[in-house]
Amino acid sequence: MESAMSVREISKFLSFVLRHAPEEIGIKPDAAGWVRIDDLLAKSKRAGKRFDRAMLDEVVATSDKKRFTISEDGRSIRAAQGHSIKVELGLVPKEPPAVLFHGTAAASLDSIFATGLEPRGRRRQQLHRQALP
């Protein structure tokens with residue numbers, strides 16, 4: 001019998017399938033990255049990842065980085081950031097503040113100073129208004 005997945009395991013799984021590899025479980029996000037929650041739950045179960053809507057809602061509510069968004073009608077979910085697949089999140093461009101922070105490993109600094117920030121395998125870079133812990 002399979003053991004229940006932890007909130008962290010579900011979050012990692014959702015990040016993988018919603019941001020990088022939806023085809024791994026046979027889901028197809030729309031152009032804005034939305035996936036029907038009932039389809040996600042059913043196909044996750046078939047892939048051996050068992051969790052229910054209440055567990056999904058807990059993951060979304062407790063994500064410290066607000067990784068996921070549930071649609072206004074409560075029927076769909078998408079990753080809020082960090083996609084390597086093509087999605088159009090519909091974000092409105094804004095004038096950035098004078099200072100922004102980028103979380104990175106110290107080992108990457110020489111490369112960043114030499115070539116600048118590059119998205120690498122992601123579609124965009126994430127910058128923050130305040131330094132993260």
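**Two helices and their buried faces: a group meeting talk**

Good morning. I begin with a detail of helix H3: on its other side, away from the buried residues, Ala54 and Ala61 are exposed. The structure shown above is a predicted model, and I shall use H3 as the way into it.

Which residues of H3 are buried? They are Leu56, Val59 and Val60. When one looks down the axis of H3, these buried residues fall within an arc of 95 degrees, and therefore they line one face of the helix. The cover over them includes H1, H2, strand E2, which spans residues 68-70, and strand E3, which spans 76-79.

Let me now step back to the whole chain. The chain contains four helices and three strands. In sequence order, the pattern reads α-β-α-α-β-β-α. Along the principal axes, the C-alpha atoms fill a box of roughly 50 × 30 × 25 Å. Of the 133 residues, 28% are buried. If we take contacts between residues at least 6 apart in sequence, 60% of them join residues at least 24 apart.

As for the surface, the chain exposes about 9,300 Å², and 53% of this is supplied by carbon and sulfur atoms. The chain has 23 positive and 17 negative charges, and the mean positions of these two sets are 1 Å apart.

I turn next to helix H2. Its buried residues are Ile37, Leu40, Leu41 and Ser44. Viewed down the axis of H2, they fall within an arc of 95 degrees, so they too line one face of their helix. On the other side of H2, Asp38 and Arg46 are exposed. What covers the buried residues of H2 includes H1, strand E1 at residues 35-36, H3, E2 and E3. After H2 comes glycine 48, which has a positive phi, near 85 degrees.

How many aromatic pairs are counted here? The count comes to one. The ring centres of phenylalanine 13 and phenylalanine 51 are 6.1 Å apart and the ring planes stand at 70 degrees; an angle over 60 counts as edge-to-face, so this pair is edge-to-face. Phenylalanine 13 belongs to helix H1, residues 7-20, whereas phenylalanine 51 sits in the loop between H2 (37-46) and H3 (53-62), so the pair ties together parts that are 38 residues apart in sequence. Both of these phenylalanines are buried.

Two single residues deserve attention before I close. The first topic is backbone geometry. Most residues other than glycine have a negative phi. Lysine 66, however, has a phi near 50 degrees, a positive value in a residue that is not glycine. This lysine lies in the loop between H3 and E2. Is lysine 66 buried or exposed? Its relative accessible area is 52%, and exposed means over 50%, so lysine 66 is exposed.

The other residue is serine 76, which is placed in strand E3. Serine 76 has a relative accessible area of 13%; because buried means under 20%, this serine is buried. What does serine 76 touch, leaving aside residues up to four places away in sequence? Its contacts are Trp34, Val35, Arg36, Ile37, Thr69, Ile70 and Ser71. One of these, Ile37, has already appeared among the buried residues of H2.

To conclude, I return to the two helices: the buried residues of H3 line one face, and the buried residues of H2 likewise line one face of that helix. Thank you for your attention.

Terms used
Residues are numbered from 1 along each chain as its sequence is written. This is a predicted model: local features need pLDDT of at least 70, side-chain atom pairs count only at pLDDT 80 or more; totals for chains, interfaces and linings use all residues. Side-chain values use heavy atoms; hydrogens and water are left out. Buried means under 20% relative accessible area, exposed over 50%, partly exposed in between (1.4 Å probe, protein chains only). Contact means heavy atoms within 4.5 Å. Accessible areas come from the Shrake-Rupley method with a 1.4 Å probe; for residues, only the protein chains shown count as cover. Lys and Arg count as positive and Asp and Glu as negative; His and the chain ends are not counted. The place of a charge is taken as NZ of Lys, CZ of Arg, CG of Asp or CD of Glu. Rings of Phe, Tyr and Trp (its six-membered ring) pair if their centres lie within 6.5 Å; planes under 30 degrees apart count as stacked, over 60 as edge-to-face and the rest as tilted. The arc is that of the directions from the helix axis to the C-beta atoms.
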